[in-house]
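User: I would like to go through the reasoning behind some descriptions of this model, beginning with confidence and then turning to the ligand.

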Amino acid sequence: MNQPRGQWSSRLGFIIAAAGSAIGLGNLWKFPYITFENHGGAFVLVYLVCVLMVGLPIMIGELLLGRKSQLNAAGAFAHTIGPKWVHAGRLGVLTGLIILGYYTVIAGWSLYYVAKCLTWSFAGYTPGLSSPEAFGAFVSNGPLQFTLSMLFMGATVAVIMKGVGHGIEKLTRTLMPILIGILLLMLFNALRMTGAGEALRFIFIPNFAELEASSILEALGHAFFTLSLGMGAMITYGSYLRREDSVVYSALAVVALDTIIALLATVIMFCVIFSVPGLKESIGKSTVGMLFITLPEQFYTALPMGRVLAPLFYILVGFAALTSTISMLEVIVSWLIDERGMTRRNATLAGGASAVTISIFCAMSLGAVGGLSSFEIFPGKAGVLDTLDHLASNWLLPIGGFLLTIAVGWFMSREDTYGELIDQYTPNWFHYGMWRFFMRVVAPIAVGSIIGFVIFAGTDFS
Ligand code: TRP
């Protein structure tokens with residue numbers, strides 16, 4: 001290692017950066033619509049159980065592996081677990097590259113909607129402007145899609161170039177409070193709408209009769225994605241954690257923040273949807289478009305103060321996505337720095353350029369180029385972007401997570417993990433033996449069952 005390793009300036013700095021990684025499109029875009037598709041209440045409860053029983057233990061596991069090794073994802077596995085395990089870490093780096101490639105395309109949409117909403121707020125909105133047709137025309141405009149994703153990638157590269165303290169931490173410290181402020185402002189307005197009561201009941205009162213087996217797997221898969229687990233992001237962020245900061249406390253704070261924001265976003269969205277007559281029924285199958293097709297119109301026709309909130313909201317989506325994309329690029333960059341001896345500058349450029357090559361194909365796969373948009377490897381997932389998303393969230397993240405539970409649970413000695421987790425900073429409610437049991441038994445069985453289910457039932461639970 002020829003360069004000094006970066007470090008978070010404080011525990012709060014780490015928590016904000018890691019929460020920034022976790023809170024992203026997964027919370028604002030994906031969680032609300034899968035909650036809708038899975039009939040609310042019972043699904044939300046199952047999701048919370050997955051987060052607590054699988055997500056939290058694995059979060060602790062990734063952070064401890066990172067901090068103990070003080071290395072990137074591949075180095076952490078190789079040096080702490082065993083040389084052959086380097087492949088587990090490399091798989092994470094590859095997964096990060098793939099997710100970064102397509103995530104920037106969707107993140108780019110937020111830029112476009114900020115611009116759109118600013119126009120609508122000032123020049124007036126005519127109902128119908130955010131129709132499915134308009135959306136279809138937008139996503140199939142290849143050059144525009146590519147430009148937007150490049151802008152987003154450029155911003156990601158600029159932050160990572162500056163490093164851990166000056167880049168990642170500084171940016172997330174600025175953006176996260178703004179993000180939470182905008183969300184609370186929206187919540188305040190949404191709760192005053194007529195459908196608020198029904199929305200809260202839908203989200204928080206479980207009806208187990210409506211729970212399907214596939215919902216359980218979907219909840220578990222989403223817990224990985226939303227917490228940024230299974231590809232070494234938290235190993236990498238953990239490697240910058242100072243010795244005097246408690247891994248357990250940090251992990252809990254990140255998991256709690258991520259969960260609260262996902263629930264807030266869902267409450268806001270459902271208050272709007274349940275307040276507009278007929279909207280709930282008409283969303284039907286196009287739930288995926290909730291954030292970009294259904295919501296824009298409601299800002300201008302239903303939500304109190306919507307004209308002000310609409311541009312702010314899409315800025316928020318962009319911020320949330322940016323603090324996530326930087327964590328993906330950092331996994332790649334820290335690997336190039338540690339293992340390939342590159343400078344941060346070159347590593348960032350190399351990582352960014354590799355991801356852009358994937359983005360090009362993704363940007364052209366939403367209708368712009370026929371061949372890229374229509375081919376199917378996984379049934380029902382047409383085109384490069386959907387295929388890569390399916391591959392990453394249904395295969396690569398669960399596999400990465402499974403390997404991590406085995407590595408930390410079974411290949412690290414009790415002394416090693418105990419030493420990392422238990423010190424004078426550890427909160428006293430933490431029960432080491434229970435964590436170890438969840439890491440060794442509960443989490444691998446749960447994650448193994450997702451993988452098994454995908455193989456044998458072929459069910460999509462992304
Ligand atoms: N957690 C982020 C979200 O919810 C996405 C993300 C960032 C991610 N880094 C990751 C997902 C690493 C998996 C792995 O949008």
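User: In which helix of the protein is confidence lowest, and in which is it highest?

Analyst: In this predicted model, confidence is lowest in helix α13 (residues 279-283), with a mean of 79, and highest in helix α16 (residues 344-363), at 97. The protein averages a pLDDT of 91, and 98% of the residues score at least 70.

User: What makes the pair formed by a nitrogen atom of the ligand and Ser327 a polar contact?

Analyst: An N or O atom in the side chain of Ser327 is 3.2 Å from a nitrogen atom of the ligand, and the cut-off for such a pair is 3.5 Å, so the pair counts as a polar contact. By that criterion, polar backbone atoms also qualify, with Ala22 at 3.0 Å from a ligand nitrogen and Thr226 at 3.1 Å from a ligand nitrogen.

User: How much of the ligand's exposed area does the protein bury?

Analyst: Taken alone, the ligand exposes 360 Å², and the protein buries 100% of that. The space that the ligand takes is the largest cavity.

User: Which classes of residue make up the shell around the ligand?

Analyst: The shell has eight nonpolar, eight polar and no charged residues. Among the elements that give two or more residues to this shell are α1 (11-22), α5 (86-123) and α15 (306-340).

Terms used. Residues numbered from 1 in each chain as written. Predicted model: local features only at pLDDT ≥ 70, side-chain atom pairs only at ≥ 80, totals over all residues. Heavy atoms only, no water. Polar contact = N/O pair within 3.5 Å; in protein donor to acceptor, adjacent residues only side chain to side chain. Areas by Shrake-Rupley, 256 points an atom, 1.4 Å probe, with all protein chains shown as cover. 1 Å grid on protein atoms, 1.4 Å probe; cavity = no way out; pocket = protein on both sides within 12 Å on 5 of 7 lines; lining within 4 Å. Sits in = over half its atoms within 2 Å of the grid points. Helix = DSSP H or I, 4+ residues; strand = E, 2+ residues; numbered from the N terminus. Nonpolar A, V, L, I, M, F, W, Y, C, P; charged D, E, K, R; others polar. pLDDT = per-residue confidence, 0-100.
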